[in-house]
Each structure stands twice: as C-alpha cells, then as structure tokens.
Amino acid sequence: AAPILGGKLALGSHAAAPALSLAGDSSLAREEYVLDVTRRGIELRGGSVSAVLYGLQSLRQLAFENRGTIPVVRIHDKPFFAYRGAMLDVCRHFSPIGEVKRFIDILALHKLNVFHWHLTDDQGWRLEIKKYPKLMEIAAVRGESEEWGWIDGNPYGPHFYTQDQVRDIIAYAKERQIEIIPEIEMPGHASAALAAYPEFSCGLGKTYVVRDYFDVFDEVYCPKENTFTFLEDVLTEVMQLFPSHYIHIGGDECPKKAWKKCSHCQALMKREGLEDEEALQSWFIHRMERFVNSK
C-alpha cells in the first residue's frame, strides 16, 4: 500500500488481518473492480491486474481527499471507454526521462491506459534510429529555442531518447498497465528529418533546417522510393522497440507547395491517376499503411 498511499496503512486495533486484501475475480470484466472498505479492513477484487491497479488508485484518491483517513465505502466501477489516452509532445519541448515517468504516473493516477508519445516533428527528432545516425546528430538539435514566443539564442539539444531509455520507459509504463503508442510524423512535419537527410525531399534548391519556432511548414517528404525505404527502415526499428498494437504515422498538416513544383511528384500523380496533390497525400499514407499492416 505504501507506494499507492504515500505511506503505511494504519489501522485501529479492532481491524482484522489482512488489512488490505487484493484478489482477481473472473466474474468481473477485465477493467472492472469492486472496492470494499469496512471497519475490519479493505478488500479489493478486480477482473485483471489493471482493474486491481485502478481500485488502488481509487483507494489513493480516497486517502488524499479525506486527509489520510479512508471512509467506510463500497465502490463498484468500470471504465466507459476502452481507450483512455493522453499525448506528450517532446519535439517542441523535450521532456527528460524523469518527467516522462512522472507523466506516466499522472496517467496511472487518473486510470488512463494509453500514452501517445509524439516523437518527431519540425522542431526536433527525439528517437534514436540506429540505421540513420544523423537523426540524432542533426535532427535532434535546433539552433535556438522558443519559449512563449521568445527566442533565447541558445542551441537546443541534441535531445533524444536512446533505444535503451525507451525500453526502460516502456517497462515503466507496462508496470502501470499503460500502453505506449509512438508517433512518427509523415509526410508533413518533416523539417528536422530533412535537415539531416535532404535527399528525401523534393529538392528545389532549398536549405533544410530544424525549425526553431512553431508553425506548419512547407518542408515535406517527397514520395520517392528512397524516401519510402527510409521511412520503412525507421518504422521497422520503431516496431522492434514498441510492443503496442498501434503505431501513429501522422498524416496531418501537409502543405502541397513543394509537390506542386516537383517534377517527380507530378509524374507520379499522372502515372497513378491521382487527381490532385490531396490525392497524392492519401496515396502516400495508404502506401505506408500497407507496410505497417504487413507487420
């Protein structure tokens, strides 16, 4: 009880042992629990380890709300939604390992079961990919950092999570019955990646940089074969790391300015019978979807 309540559970002399009883109950749904607090002690039954953890969090909330005294009460509870998640964007503002774990603790306290981890964007690439070291050397650092509209003039980074650190965080979340879903953005929000590997862009004579302010930018991946090889390689390493059922591949906020000017994109659209650049974006996402689904 100490990690849940923040201290030892004190009971009066009339309390019978065990003071806190935890048990599985196959008659309950997977995330359903029954918490019974009587003068004799506390009994918690759940349909799974997750359910028992949720019951312990309710016990913790009771202790907090009643200043350490747990009232006699019966709680029979189960979640309305199967997917209960929150997102952490570590691209604009990097969160050290301790902060990520604290975020996971907050999710657990509120009985959330999905941690959506936004790991790549224009302002930084935050995941170690062993096959592409420039993602850590170049894409994980930006020239200046913005805080509430102010540019401070100092380099920001390199900030990224090693694969060993990711495994540690995944294990930490698993102990708290939380699934981590990683997000790798495409085809837009690609400025940081293209600063490291400009060959995956449409070219057009541009210089690509890790963005030091927040906006939607024209730098997007070009739907070339070497680009798809890069993205598939990245997602392969992601899938080897994360045991989650889902992977998020972004798909939002993709300006079409570069594609309109790119001879390769225009030829691809004609060859595939795509009406416009919006259709090209859908074609791009469906191709990556087929790769992810094949795994």
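Helix axes are taken here as lines fitted to C-alpha atoms over the stretch in contact, with angles between N-to-C directions running from 0 to 180 degrees. The structure described is a predicted model. On this basis, helix 9, spanning residues 263-272, and helix 10, spanning residues 277-294, have axes that come within 10 Å and cross at roughly 80°. Because angles of 65 to 115 degrees count as roughly perpendicular, helix 9 and helix 10 are assigned to that class. From helix 9, the residues Cys265, Gln266, Leu268, Met269 and Glu272 take part in the contact, and they meet Glu277, Leu280 and Trp283 of helix 10. Classified by residue type, the contact of helix 9 with helix 10 comprises five nonpolar, one polar and two charged residues.

Four strands form an open sheet with parallel pairing, in the order 5-6-11-12. The edges are occupied by strand 5 (85-89) and strand 12 (248-250); each has a single partner strand, so one side of each lacks a neighbour in the sheet. On average, and with direction ignored, neighbouring strands of this sheet are turned by 25° against each other. Helix 3 (residues 97-109) packs on the sheet, where it touches strand 5 and strand 6 (114-118). The direction of helix 3 makes about 150° with that of strand 6. At the other edge, strand 12 pairs with strand 11 (residues 179-186) in the parallel sense over two bridges. Methionine 186 is placed opposite glycine 250 of strand 12.

A further set of pairings involves strands 1, 2 and 3. Strand 1 (residues 20-24) runs parallel to strand 3 (residues 41-46), and five bridges link the two. Within this pairing, leucine 22 has leucine 44 of strand 3 as its bridge partner. Strand 2 (residues 33-38), by contrast, is antiparallel to strand 3 and is joined to it by six bridges. The connection between strand 2 and strand 3 is a hairpin of two residues. Aspartate 36 stands opposite glutamate 43 of strand 3.

Contacts between helix 7 and the loop that precedes helix 4 centre, in this description, on glutamate 237 and lysine 131. Glutamate 237 belongs to helix 7 (residues 225-241), while lysine 131 lies in the loop between strand 8 (124-125) and helix 4 (134-137). The accessibility classes of these residues are opposed. Glutamate 237 has a relative accessible area of 11% and is therefore buried, the limit for this class being under 20%. Lysine 131, at 52% relative accessibility, counts as exposed, since that class begins over 50%.

With residues up to four places away in sequence left out, glutamate 237 touches Glu128, Ile129, Lys130, Lys131 and Gln163. Under the same exclusion, lysine 131 touches Asp233 and Glu237. Two polar interactions of the glutamate 237 side chain can be specified. The side chain of glutamate 237 reaches the backbone nitrogen of lysine 131 at 3.0 Å, and makes a polar contact of 2.8 Å with the side chain of glutamine 163. In terms of C-alpha positions, glutamate 237 and glutamine 163 are 9.3 Å apart in space and 74 residues apart in sequence. For lysine 131 and glutamine 163, the C-alpha to C-alpha distance is 12 Å, at a sequence separation of 32 residues.

Terms used
Residues are numbered from 1 along each chain as its sequence is written. This is a predicted model: local features need pLDDT of at least 70, side-chain atom pairs count only at pLDDT 80 or more; totals for chains, interfaces and linings use all residues. Side-chain values use heavy atoms; hydrogens and water are left out. Angles under 35 degrees count as roughly parallel, over 145 as roughly antiparallel, 65 to 115 as roughly perpendicular and the rest as oblique. Contact means heavy atoms within 4.5 Å. Ala, Val, Leu, Ile, Met, Phe, Trp, Tyr, Cys and Pro count as nonpolar, Asp, Glu, Lys and Arg as charged, and the others, Gly among them, as polar. Buried means under 20% relative accessible area, exposed over 50%, partly exposed in between (1.4 Å probe, protein chains only). Two strands pair if DSSP finds at least two bridges between them. A polar contact is a pair of N or O atoms within 3.5 Å; within protein, one must be able to donate a hydrogen and the other to accept it, and residues adjacent in sequence count only if both atoms are side-chain atoms.
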